[in-house]
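This report describes selected features of one protein model. The sequence and structure are shown first, and the description follows.

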Amino acid sequence: MHRRTITLLALALAQVCHATASARPPVRSWKTMRDEGVVKQQYDYSCGAAALATLLQHYYGEAVSEADVLQQIAAKGPATLSSLSAAARHFGYEARGYALSLEALRQVNLPAIVFLHVGNDNHFSVLRSIDAHAVALADPSLGNRIYSATDFLRLWTTRPSRDYPGRALIVMPRDASRVGNRVFTRPIPARFSGLTLRPFRP
């Protein structure tokens with residue numbers, strides 16, 4: 001009788017432990033969270049292709065890979081806004097490059113491919129969200145990053161014009177019924193306002 005009671009208690013305890021474990025959210029690594037929703041670049045020259053693949057895949061839900069984009073732009077070197085625009089058109093999207101102010105970029109209300117200058121290198125990244133204080137990027141090299149608006153502007157200023165200091169590629173579907181994934185562009189948490197620039201090494 002005593003042995004049966006112990007067995008029943010052990011079974012009950014195992015069920016409680018299983019239920020508790022099931023109620024917990026799954027544990028995710030820092031790397032998984034850092035790279036969530038980002039197509040990482042496989043080559044030193046493929047940030048543009050990975051940026052377009054990120055936008056099409058994780059915002060618009062298209063099964064487009066970095067390799068698919070590279071095949072379209074036939075890139076043996078860095079992509080350009082023009083070649084990325086042509087590749088987007090191949091996949092059924094309209095894409096146009098704009099010179100913008102930071103305030104105009106805030107008003108676009110869509111994710112966009114932004115052209116950055118980091119050290120001596122040009123680099124493409126994907127703007128996920130932007131508010132008055134911070135900018136969230138889905139970066140093909142670094143994964144998800146949040147910068148203060150001031151520090152982002154330092155990277156994004158690639159033109160001599162004070163009114164239109166930066167460039168962005170806006171990509172929109174030809175099919176008006178296709179809706180983007182709003183989770184991709186979720187607002188930046190208030191606690192990230194006023195961050196200092198983290199090292200940026202594409």
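Leaving aside residues up to four places away in sequence, valine 69 touches Ala49, Leu52, Ala53, Val64, Leu84, Ala87 and Phe91 in this predicted model. Valine 69 is part of helix H4, which spans residues 66-73. Because its relative accessibility is 0%, below the 20% limit, valine 69 is classed as buried. Its C-alpha atom lies 6.8 Å from that of alanine 53, although the two residues are 16 positions apart in sequence.

Several of these partners recur where two helices pack. Helix H3 (residues 47-59) meets helix H5 (residues 81-90) at an angle of about 35 degrees, and their axes are 11 Å apart. The crossing of H3 and H5 is right-handed. On the H3 side the contact is formed by Gly48, Ala49 and Leu52, and on the H5 side by Leu84, Ala87 and Ala88. The residues of this contact comprise 5 nonpolar and 1 polar, with no charged residue.

A separate feature is the second largest pocket, which encloses about 230 Å³ of space. Its lining consists of 12 residues, of which Asp44, Cys47, Asp121, Asn122 and His123 are the closest to the pocket centre. Strand E3 (residues 121-130) supplies the largest share of this lining, with 4 residues. The composition of the lining by class is tabulated below.

| Class in the lining of the second largest pocket | Number of residues |
|---|---|
| Nonpolar | 7 residues |
| Polar | 3 residues |
| Charged | 2 residues |

Methods
Residues numbered from 1 in each chain as written. Predicted model: local features only at pLDDT ≥ 70, side-chain atom pairs only at ≥ 80, totals over all residues. Heavy atoms only, no water. 1 Å grid on protein atoms, 1.4 Å probe; cavity = no way out; pocket = protein on both sides within 12 Å on 5 of 7 lines; lining within 4 Å. Points joined across faces, edges and corners; volume = space filled by probe spheres on them. Helix = DSSP H or I, 4+ residues; strand = E, 2+ residues; numbered from the N terminus. Nonpolar A, V, L, I, M, F, W, Y, C, P; charged D, E, K, R; others polar. Axes fitted to C-alpha atoms, helices over the stretch in contact; angles between N-to-C directions. Left-handed = near helix turned anticlockwise from the far one by under 90°. Contact = heavy atoms within 4.5 Å. Buried < 20%, exposed > 50% of the residue type's maximum accessible area, 1.4 Å probe, protein only.
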